[in-house]
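Tutor: Please take a moment with the sequence and the model below, and then we will work through some questions together.

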Amino acid sequence: MNPRRAYRVWQRHVKVYTKLYLSSLTLNFIEPILYLTAMGMGLGVFVKEMGGVPYINYIAPGIVAYSSMFATSGECTYGTFVRMTFQKTFDAILATPVNLNDLVAGEIMWGATKSALYGTVILAAISAMGLVGSPMVLAAIPVLFISGLIFAELAIMYVSMVRGIDWFNYYFTLVITPMFLFSGVFFPLSGLPAWVEKVAFFMPLYHLVNVLRELSQGRWPVGDILWLTVVAALIAPYPFRLMRRRIMSRG
């Protein structure tokens, strides 16, 4: 894999995104703010505190984490599949000196970039609303990129195995939604059966939520940051292998 060529793939995606970012960013901004308003101000009337802080402050870091996950997952499932299958962008790129490893690396980097971008936008919003208790939360921005690598890698692995765009309904229903509901975004998992927390430990969103929540309260979640970094590295080879098998099977 040539980093310079992978960067060119990333640069191509950035250039396309700059033409569409207003509509895309607005939609991805409104949904998490609606969640924050409805749950924080609505349910927050009945749930005064959680974890020693007002309920809206408790869920705000989780909304940031969810937003970053969803942005990357959408980009590296539907976006990657459309570029590969319908737009034939992959074919055009592979007709240049860029090889498949460069292409996949560029896709992953772009997915991680969207994770950091959208997470940072929502982080700025909740900070402006006074829902962040410590400036240490700024340290979460590179962690959003690292977790974005995981979400991008998982999504591209799934893309490499499906034959139709309808199959992404399964991915979002059986992977993304359970992570959203059972990663501590809206409530601590300690009140659920012990096995739920054990399963949640293997979900990247669970650790990202912990990172954002701890940093927003001025604490360093070293273990969760380490978990995300190690997992991103461990699964990194598989999108390349699976996508190579997928592309070769077409020919």
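Tutor: Before we begin, buried means a relative accessible area under 20%, exposed means over 50%, and partly exposed covers the range in between, using a 1.4 Å probe and protein chains only. This is a predicted model, in which local features need pLDDT of at least 70 and side-chain atom pairs count only at pLDDT 80 or more, while totals for chains, interfaces and linings use all residues. Residues are numbered from 1 along each chain as its sequence is written, and side-chain values use heavy atoms, with hydrogens and water left out.

Student: Is Lys-88 buried or partly exposed?

Tutor: Lys-88 sits in the loop between helix 3 and helix 4 (89–94), where helices (H or I, at least four residues) and strands (E, at least two) are DSSP runs numbered from the N terminus. Its phi is near 60 degrees, a positive value in a residue other than glycine. Because its relative accessible area is 43%, Lys-88 is partly exposed.

Student: What is the relative accessibility of Lys-48?

Tutor: Lys-48 has its place in the loop between helix 2 and strand 1 (49–50). The C-alpha atoms of Lys-48 and Ala-65 are separated by 22 Å, although the two residues are 17 apart along the chain. Lys-48 counts as exposed because its relative accessibility is 61%.

Student: Which residues form a nonpolar patch on the surface?

Tutor: A patch is made of residues with over 30% relative accessible area and no salt bridge, where like charges are joined within 9 Å and nonpolar side chains (Val, Leu, Ile, Met, Phe, Trp, Tyr) within 5 Å. Accessible areas come from the Shrake-Rupley method with a 1.4 Å probe, and for residues only the protein chains shown count as cover. One member of the patch, Leu-34, is placed in helix 2 (residues 21–42) and counts as exposed because its relative accessibility is 55%. With about 260 Å² of accessible area together, the residues that form the patch are Phe-29, Ile-30 and Leu-34.

Student: Which residue forms a salt bridge with Asp-102?

Tutor: A salt bridge is a side-chain nitrogen of Lys or Arg within 4 Å of a carboxyl oxygen of Asp or Glu, and the structure holds five of them. In this one the closest N and O atoms are 2.6 Å apart, and the pair links distant parts of the chain, with Asp-102 in helix 5 (residues 100–128) and its partner in helix 1 (residues 3–17), 97 residues apart. Asp-102 counts as buried because its relative accessibility is 0%, while the partner, at 28%, counts as partly exposed. The partner of Asp-102 is Arg-5.

Student: Which residues are joined into one network by salt bridges that share partners?

Tutor: Glu-75 forms a salt bridge with Arg-83, their closest N and O atoms being 2.8 Å apart, and Arg-83 is buried, with a relative accessible area of 8%. Glu-75 also forms a salt bridge with Lys-114, at 3.1 Å between the closest N and O atoms. Glu-75 lies in helix 3 (residues 55–86) and Lys-114 in helix 5, so this pair ties together parts that are 39 residues apart in sequence. The salt bridges that share partners join into one network the residues Glu-75, Arg-83, Glu-107 and Lys-114.

Student: Which helix gives the most to the lining of the second largest pocket?

Tutor: On a 1 Å grid over the protein atoms alone, a pocket is an open set of points where a 1.4 Å probe fits, with protein on both sides within 12 Å along at least five of seven lines, and lining residues have an atom within 4 Å of a point. The lining of the second largest pocket includes Tyr-58, Phe-187, Tyr-206 and Arg-213, and its residues divide into five nonpolar, four polar and three charged. With four residues, the element that gives the most to this lining is helix 9 (residues 204–216).

Student: How far apart in space are Phe-186 and Pro-61, C-alpha to C-alpha?

Tutor: Phe-186 is placed in the loop between helix 7 (168–181) and helix 8 (194–200), and it is buried because its relative accessible area is 11%. Phe-186 and Pro-61 are 125 residues apart in sequence, and in space their C-alpha atoms are apart by 9.9 Å.

Note on methods. Ala, Val, Leu, Ile, Met, Phe, Trp, Tyr, Cys and Pro count as nonpolar, Asp, Glu, Lys and Arg as charged, and the others, Gly among them, as polar.
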